[in-house]
Amino acid sequence: HGLVQALSGLEPSTTGTTSAPLLIRRFGFPHDRVREAAYEQVALPARPAFHLHVGRLLNKSLSPTQRAERIFELADHLNHGIPLLVNDRERRELALLDLEAGKQASRAAAHATAALYLDRGLAVLPESAWETDHATAFDLHAEWVQAMSRSGRFEEAERGVEAGLARARSNADKVRLYTTLPEQYSLAGRP
């Protein structure tokens, strides 16, 4: 057994950047300890750049199906690289990725995990997003409120409802937030 194993079979080369007709596209470590030891070799200050580079490579190379299957891995790499994101376009793309990861975690009833990704998505958006990309900011916020409520963090969810109502632009936005409250009160055992 080697320290690195092929995780995919031979696939046709489609990039034109190599003369090899077939490539192995995915590699991995046979054991978590080997992966951890390799990761420890990356200097601490270089890790955000390392994760950002890996995240960008994954983002470019994954098909939509693969992206959905590996959404958490992709989001984690890019989130580690947040300090190095220099433009609002990349920050918005990461916020949308975190939104997608949060929704997928919610569908799996992993509400605490969903809240984590949604919180990251809100944090990476520039404050101006509430004006320039209200739909994305509000969607992240409303999903976060629901995830917080369903993970038992009722006080934070309630504050989130209040904050969201102050930024709501339509009755539909308000209804989306208000509908969280009855479920929350039921979960908390409140009348």
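**Close-up 1. Helices α2 and α5 help to line the second largest pocket of this predicted model.** Helix α2 (47–61) and helix α5 each bring at least two residues to the lining. The largest share belongs to α5, which supplies five residues. If you would like to find the pocket yourself, look for Leu52, Arg56, Asn59, Lys60, Arg67, Leu78, Leu85, Arg89, Glu90, Glu93, Leu94 and Leu97, which form its lining. By type, these lining residues divide into five nonpolar, one polar and six charged. The space in this second largest pocket comes to about 210 Å³. Rolling a probe the size of a water molecule over the atoms shows where empty space is left.

**Close-up 2. Phenylalanine 72 and tyrosine 117 form an aromatic pair.** How many aromatic pairs does a search of the whole structure find? The search finds one. A pair of aromatic rings is described by the distance of the centres and the angle of the planes. For phenylalanine 72 and tyrosine 117, the centres are 5.4 Å apart and the planes are at 45 degrees, so the pair counts as tilted, a label for angles that are neither under 30 degrees nor over 60. The pair links distant parts of the chain: phenylalanine 72 belongs to helix α4 (residues 71–80) and tyrosine 117 to helix α6, with the two positions 45 residues apart in sequence numbering.

**Close-up 3. Tyrosine 117 also has the charged end of arginine 120 over its ring.** The charged end of arginine 120 is 5.4 Å from the ring centre of tyrosine 117. Is tyrosine 117 buried or exposed? Tyrosine 117 counts as buried because its relative accessibility is 5%, and buried means under 20%. Its ring partner, phenylalanine 72, has a relative accessibility of 26% and therefore counts as partly exposed.

**Close-up 4. Helix α8 is mostly covered.** Of the 17 residues in α8, 14 are buried. Leucine 140 has its place in this helix, and leucine 140 counts as buried because its relative accessibility is 0%. Here is a check you can follow: at 1.5 Å a residue, helix α8 (residues 134–150) should span 24 Å, and its end C-alpha atoms are 24 Å apart, so the two values agree. Just after α8 comes glycine 152, with a positive phi of about 85 degrees.

**Close-up 5. Leucine 140 and glycine 121 are 6.9 Å apart in space, C-alpha to C-alpha.** Along the sequence, leucine 140 and glycine 121 are 19 residues apart. Another pair to look for is asparagine 87 and proline 126, which are 39 residues apart along the chain and have C-alpha atoms separated by 9.9 Å. Asparagine 87 lies in the loop between α4 and α5. With 27% relative accessibility, asparagine 87 counts as partly exposed.

**Close-up 6. Alanine 109 sits in a loop and has a positive phi.** Which helices does the loop of alanine 109 lie between? The loop lies between α5 (88–107) and α6 (111–124). The phi of alanine 109 is about 60 degrees, although this residue is not a glycine. Alanine 109 counts as exposed because its relative accessibility is 55%, and exposed means over 50%.

Conventions:
Residues are numbered from 1 along each chain as its sequence is written. This is a predicted model: local features need pLDDT of at least 70, side-chain atom pairs count only at pLDDT 80 or more; totals for chains, interfaces and linings use all residues. Side-chain values use heavy atoms; hydrogens and water are left out. Helices (H or I, at least four residues) and strands (E, at least two) are DSSP runs, numbered from the N terminus. Buried means under 20% relative accessible area, exposed over 50%, partly exposed in between (1.4 Å probe, protein chains only). The expected span of a helix is 1.5 Å times one less than its number of residues. Rings of Phe, Tyr and Trp (its six-membered ring) pair if their centres lie within 6.5 Å; planes under 30 degrees apart count as stacked, over 60 as edge-to-face and the rest as tilted. A charge sits over a ring if NZ of Lys or CZ of Arg is within 6 Å of the ring centre and within 35 degrees of the ring normal. On a 1 Å grid over the protein atoms alone, a cavity is a set of points where a 1.4 Å probe fits but cannot get out, and a pocket is an open set with protein on both sides within 12 Å along at least five of seven lines; lining residues have an atom within 4 Å of a point. Grid points are joined across faces, edges and corners, and a volume is the space filled by probe spheres set on the points. Ala, Val, Leu, Ile, Met, Phe, Trp, Tyr, Cys and Pro count as nonpolar, Asp, Glu, Lys and Arg as charged, and the others, Gly among them, as polar.
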